[in-house]
Amino acid sequence: MTYNESINYLESLAGFGIRPGLERITKLLEMLGNPQNKYKTIHVTGTNGKGSVCSMLSTILTTANLKTGLFTSPHLISYRERFKINDIDIDENHFAKLIEDVKFFIEKVTAENFESPTLFETLTAAAFKYFADENVDYAVIEVGLGGLLDSTNVIIPEVSVITNVANDHAEKCGGDIFGIARYKAGIIKEKIPVVTGAVGEPLKIIRETAQKKHSKIFVLGEDFFVDENLKISLQGEYQKSNAAIAIKTAQIINSSFKIPYDKFKWSGRFEIFDFDEKKIVIDGAHNGAGAEALKKSLDKKFPNGRRIFLFGVLKDKDIDVIIKKLFGKNDFVIVTKPDSERAAEPDEICRLLKNFGIESIAVENNFDAFEKFIHSDENILICAGSLYLIGNISKMILDIKKNF
């Protein structure tokens, strides 16, 4: 199987959609020899920040000379980004071979009248196998959706991490903020420590679950704190909270770990590109909590001047809330369509923006929208919203910079 063939195979599985449940992944992993049990893990969920926390943890463990796997989702540009060892993406040939190997066992599973595993379940199994094959010491595993019924929730980690809980994916995770909290608390295992940045009612639910599981809980703002003077290589005010969570988690594993503050990186989260005399900020703010965090960072980093946004989200998001939390009256928004069947229509978003008194224009094609974006008169440009959009725009920026 070539790399392109592996991608085609994976995308053929997309039609199975998102089907929460652990039966398919459990059966598939049994056939693979339960590779997820052959190394230590850290399990991370949360509405926002989980990818950043996973990346920071991977960097901390790698700096400590531990061979470290990292499984995250979704990717921005390439599926290979989802599988890393020591912060390096898997190569194309190795990725293709893994998918080919897992496909063989999927065919055996379906021959026994089990449902076919989904796209994400296939990737999860492949990642677990990759880390076992490569004899990693640790793997940092990001939850795909929720926690309780997510296909990653077959591991017994050294630490469970719940970055925060906000109202996103409620329709698939319990229906409301309480249901979302219960789903995320579903990664808590018996007597395994928990680190969280959750607050309010979600924190109560997480505490209750930890108590039932006899798991010690460490809460941001109570048991450990954000260092406001902390200097890390990642931009964005919200990254200080993520760093505090990652550092506390690492210290639970080994209190003597050196923290490489200057090596933290995570693409697509308040990532700043210099483009001629302009600053382009790329941020995957695709829900209300993410929009609020981005607005706070923008206000601190770029307090003056008009902002031009390139924006697009999926139609199942609470778009009114995102608009209210992210945009100001003086902002101008170029609305485009993320590369997804679930994308919200730009004209509809423009209508909503008009209701808030915000000037905007709809440009459906990403490339045309990007052209308008980079040739605007303002110097502060922000691309925000769906990761399906910011991945495309990041690739365009990198391609342009590569050619100059």
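# Exercises on a predicted model

A polar contact of 2.8 Å links the side chain of Lys129 to that of Asp133; the structure in which this pair is found is a predicted model, and the exercises below start from this lysine.

**Exercise 1.** Determine which element holds Lys129, and decide whether this residue is buried or exposed.

*Solution.* Begin with the position along the chain: Lys129 belongs to helix H5, which covers residues 119-133. Next, take the relative accessible area of Lys129, which is 15%. Because buried means under 20%, Lys129 counts as buried. Finally, look at the surroundings: leaving out residues up to four places away in sequence, Lys129 touches Leu32, Pro35, Leu98 and Asp101.

**Exercise 2.** Find which element gives the largest share of the largest nonpolar core, and list what Phe131 is in contact with.

*Solution.* Start with the core itself, which has 37 residues, and in which Leu10, Phe71, Tyr79, Phe83, Phe95, Leu123 and Phe131 touch the most other members. Two or more residues of this core come from each of helix H1 (3-12), helix H2 (23-31), strand S3 (83-85), helix H4 (92-111), H5 and strand S5 (138-142). The largest share, 10 residues, is given by H5. Turning to Phe131, and setting aside neighbours within four places in sequence, the contacts are Tyr39, Gly69, Leu70, Phe71, Lys84, Ile85, Val136, Ala139 and Ile141. Another core, of 30 residues, lies apart from this one and includes Cys54, Leu61, Ala243 and Ile259.

**Exercise 3.** Work out in what order the 6 strands of the open sheet follow one another, and name the bridge partner of Ile282 in S14.

*Solution.* Reading across the open sheet, the order is S9-S10-S14-S11-S12-S13, with mixed pairing. Strand S9 (271-275) and strand S13 (359-362) are the edge strands, since each of them pairs on one side only. From one strand to the next, the twist averages 20°. Within the sheet, strand S10 (residues 278-283) pairs with strand S14 (residues 380-385) in the parallel sense, over 5 bridges, and Ile282 has Cys383 as its bridge partner in S14.

**Exercise 4.** Locate Ala285, and state whether it is buried or exposed.

*Solution.* The loop between S10 and helix H9 (288-301) contains Ala285. With a relative accessible area of 0%, Ala285 is buried. Not counting residues up to four places away in sequence, Ala285 touches Gly290, Ala291, Leu294 and Gly385. As a last step, consider Asn65, which is 220 residues from Ala285 along the chain: the C-alpha atoms of the two residues are separated by 33 Å.

Note on methods:
Residues numbered from 1 in each chain as written. Predicted model: local features only at pLDDT ≥ 70, side-chain atom pairs only at ≥ 80, totals over all residues. Heavy atoms only, no water. Pairing = 2+ DSSP bridges. Helix = DSSP H or I, 4+ residues; strand = E, 2+ residues; numbered from the N terminus. Axes fitted to C-alpha atoms, helices over the stretch in contact; angles between N-to-C directions. Buried < 20%, exposed > 50% of the residue type's maximum accessible area, 1.4 Å probe, protein only. Polar contact = N/O pair within 3.5 Å; in protein donor to acceptor, adjacent residues only side chain to side chain. Contact = heavy atoms within 4.5 Å. Core = buried A, V, L, I, M, F, W, Y, C linked by side-chain atoms within 4.5 Å.
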